[in-house]
Amino acid sequence: MTAPGKGSEAPAVRLSVLLDLIDEAYDRPAWHGPNLLGSIRRLSASDAAWRPGRDRHSVHELVLHAAYWKYAVRRRLTGEKRGSFPLKGSNFFAGPSRLSEPAWRADRELLSEQHRALRAAVAAFPPARLAKPTPGSKYTNERTILGAAAHDLYHAGQIQLVKALRRGGGKRR
C-alpha cells in the first residue's frame, strides 16, 4: 500500500489506515516504542510537573498541549466553532509548579476525552472529503488527520526525553 493520499486505494481504505495510525500513536501497541498514553503511564503528578529547564515545558504542559491540538484538529474537520475547549487559552497552557494527583488524573482524562472525540470525528468523516483542503489550512483533510497522529508521536518522544532527564540525564543503569 502506498502512503496515505499518494495512491489509488479507495478513500474508505485510506480513512481506515488513518484511524489505525491515530490509535497506534495514542494508545495501541506499536513497534516503535511508547505511544502518547504509554509515555505518561505510571507517571506521578510530581514528575509530570517537573520542568527540565527554564522556559522548557513539563510533561503536564505537553499533555495539555496534545489535548488542545486533538480538539483543534477535530474542530477543523467538523467545522465546530472555536471556544469549546475546557481550558482557557490555546496551544500551550502554563502548568503549576506543584500538581496534585487528582488534577493530574483529571488532565490525563481530558487528554483521553479529546482523543475519543477526535477519533469519533475521524471515524465519521466522509472519505470523499479526505483529499479536500481542511478549512483554514494549506493541507488536505487527510494530511491534517495524519498530522494529528504524528503530533502524538512527536510529543511521546519528547516526554520520554523529559522523563530521562528527570531520572538523571538519561543514563542507563
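This passage looks at one buried lysine, the salt bridges and the largest pocket of a predicted model.

Local features were kept at pLDDT of at least 70 and side-chain atom pairs at pLDDT 80 or more, while totals for chains, interfaces and linings use all residues. Residues are numbered from 1 along each chain as its sequence is written, and side-chain values use heavy atoms, with hydrogens and water left out.

Lys 163 sits in helix H6, residues 141-166 (helices are DSSP runs of H or I with at least four residues, numbered from the N terminus). Lys 163 is buried but has no salt bridge, and Asp 47, the nearest side chain of opposite charge, is 8.8 Å away. Here, buried means under 20% relative accessible area, exposed over 50%, and partly exposed in between, with a 1.4 Å probe and protein chains only. Lys and Arg count as positive and Asp and Glu as negative, with His and the chain ends not counted; a salt bridge needs a side-chain nitrogen of Lys or Arg within 4 Å of a carboxyl oxygen of Asp or Glu.

What Lys 163 does have is polar company. A polar atom of its side chain lies 2.8 Å from the backbone oxygen of Ser 39, and a polar contact of 2.8 Å joins the side chains of Lys 163 and Gln 160 (N or O atoms within 3.5 Å, one able to donate a hydrogen and the other to accept it; residues adjacent in sequence count only if both atoms are side-chain atoms). Beyond neighbours within four places in sequence, Lys 163 is in contact (heavy atoms within 4.5 Å) with Ser 39 and Leu 43.

Elsewhere, charges do pair up: the whole structure holds nine salt bridges. Arg 51 and Glu 61 meet at 2.8 Å, N to O, tying the loop between helix H3 (45-49) and H4 to helix H4 itself, 10 residues apart. Arg 51 is partly exposed at 33% relative accessibility, whereas Glu 61 is buried at 4%. In the bridge between Arg 74 and Glu 80 (3.2 Å, N to O), the arginine, Arg 74, is the buried partner at 11%, and Glu 80 is partly exposed at 32%. Arg 28 and Asp 23 also form a salt bridge, with the closest N and O atoms 3.1 Å apart, and both belong to a salt-bridge network with Asp 27 and Arg 119.

Helix H6 turns up again at the largest pocket, where it supplies the largest share of the lining, six residues.

How values were computed
Helices (H or I, at least four residues) and strands (E, at least two) are DSSP runs, numbered from the N terminus.
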